[in-house]
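Student: Could you walk me through this model? I'd like to hear the reasoning behind the labels.

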Amino acid sequence: IPQLAKADSDSFTRNSCQVCLKHMIQTVRNGSPEEKASGFLSLGETAKIIGEGSIALLTELPDIVGTIKENLSQSRKTKKTSCPEALLCVASLAHVGGALEEQIPSLLEHILAGGLS
C-alpha cells in the first residue's frame, strides 16, 4: 500500500486512501503477529506519504491510536511489548505533524510501559 501511495499520492489520497487505511487498521487489529507487524509498518509509511493534510488520515487517527495502544500492551509473563512495530508506526506518525500531538499524552503511558533501551 505505501508503494501505491508513493507512486501517485494525489490520486491515492482522492481515490483509495480511506479504504486502504481501514484495511490496514483491520489487519493490525485482527491479523496474525506477522500481519500486524507488516500492517503497522505499512500504516506508518503510508501516513508519512499522504501527510497530515489527508482528511482520511485525520478521520482514522483515533482508531489508529487506539489500535497502537492495544498492541503496545505488555504480556504479564514475558514483560515484552506484543507488537514492537507499533512503536515504529508512532515514530512515522510523528513525522506527519500536529494531528498526532493531542494524542501523545495518552500514548506515552503505553510507549514507556516497555521501558527504555
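Tutor: What follows is a run of questions about labels, each settled by a value and a cut-off. Keep in mind that this is a predicted model.

Student: Okay, the overall fold to begin with. How many helices and strands does the chain have?

Tutor: The chain has seven helices and zero strands, so along the sequence you read α-α-α-α-α-α-α. Of its 117 residues, 37% are buried.

Student: What makes the contact between glutamate 60 and lysine 22 a salt bridge?

Tutor: The cut-off is 4 Å between a side-chain nitrogen of Lys or Arg and a carboxyl oxygen of Asp or Glu. For glutamate 60 and lysine 22 the N to O distance is 3.0 Å, so the pair passes. The structure holds three salt bridges, and this is one of them.

Student: Why is that pair said to tie together separate parts?

Tutor: Glutamate 60 sits in helix H5 (residues 55–72) and lysine 22 in helix H3 (residues 17–30), so the bridge joins parts 38 residues apart in sequence.

Student: And how do you know whether each partner is buried or partly exposed?

Tutor: Buried means under 20% relative accessible area, and partly exposed runs from there up to 50%. Glutamate 60 has 3%, so it counts as buried. Lysine 22 has 43%, so it is partly exposed.

Student: What about aspartate 63 and arginine 29: what makes them a salt bridge?

Tutor: Their closest N and O atoms are 3.6 Å apart, and the limit is 4 Å, so they qualify. This pair also links distant parts of the chain, with aspartate 63 in H5 and arginine 29 in H3, 34 residues apart. Aspartate 63 is partly exposed at 35%, and arginine 29 is partly exposed at 32%.

Student: Why are H3 and H5 called roughly parallel?

Tutor: Their axes cross at roughly 10°. Angles under 35 degrees count as roughly parallel, so the label fits H3 and H5. The axes also come within 10 Å.

Student: Which residues meet across H3 and H5?

Tutor: On the H3 side they include Leu21, Lys22, Ile25 and Arg29. On the H5 side they include Leu57, Glu60, Asp63 and Ile64.

Student: Where is the bridge between glutamate 45 and lysine 48, and how far along the helix are the two from each other?

Tutor: Both are in helix H4 (residues 33–50), three residues apart, which means about one helical turn separates them. The N to O distance is 3.4 Å, so that one is also inside the 4 Å limit. Glutamate 45 has a relative accessible area of 35% and lysine 48 has 37%, so each falls in the partly exposed range.

Student: Glycine 44 is in H4 too. Why is glycine 44 called buried?

Tutor: Its relative accessibility is 0%, and anything under 20% counts as buried. Leaving aside neighbours within four places in sequence, glycine 44 is in contact with Cys89 and Ser92. Its C-alpha lies 9.3 Å from that of valine 96, 52 residues along the chain.

Student: Last one: what makes up the nonpolar patch on the surface?

Tutor: Ile104, Leu108 and Leu112 form it, with about 230 Å² of accessible area together. Isoleucine 104 belongs to helix H7 (residues 104–112). At 30% relative accessibility, isoleucine 104 counts as partly exposed.

Notes
Residues numbered from 1 in each chain as written. Predicted model: local features only at pLDDT ≥ 70, side-chain atom pairs only at ≥ 80, totals over all residues. Heavy atoms only, no water. Helix = DSSP H or I, 4+ residues; strand = E, 2+ residues; numbered from the N terminus. Buried < 20%, exposed > 50% of the residue type's maximum accessible area, 1.4 Å probe, protein only. Patch = residues over 30% accessible without salt bridge, like charges linked within 9 Å, V, L, I, M, F, W, Y side chains within 5 Å. Areas by Shrake-Rupley, 256 points an atom, 1.4 Å probe, with all protein chains shown as cover. Axes fitted to C-alpha atoms, helices over the stretch in contact; angles between N-to-C directions. Parallel < 35°, antiparallel > 145°, perpendicular 65-115°, else oblique. Contact = heavy atoms within 4.5 Å.
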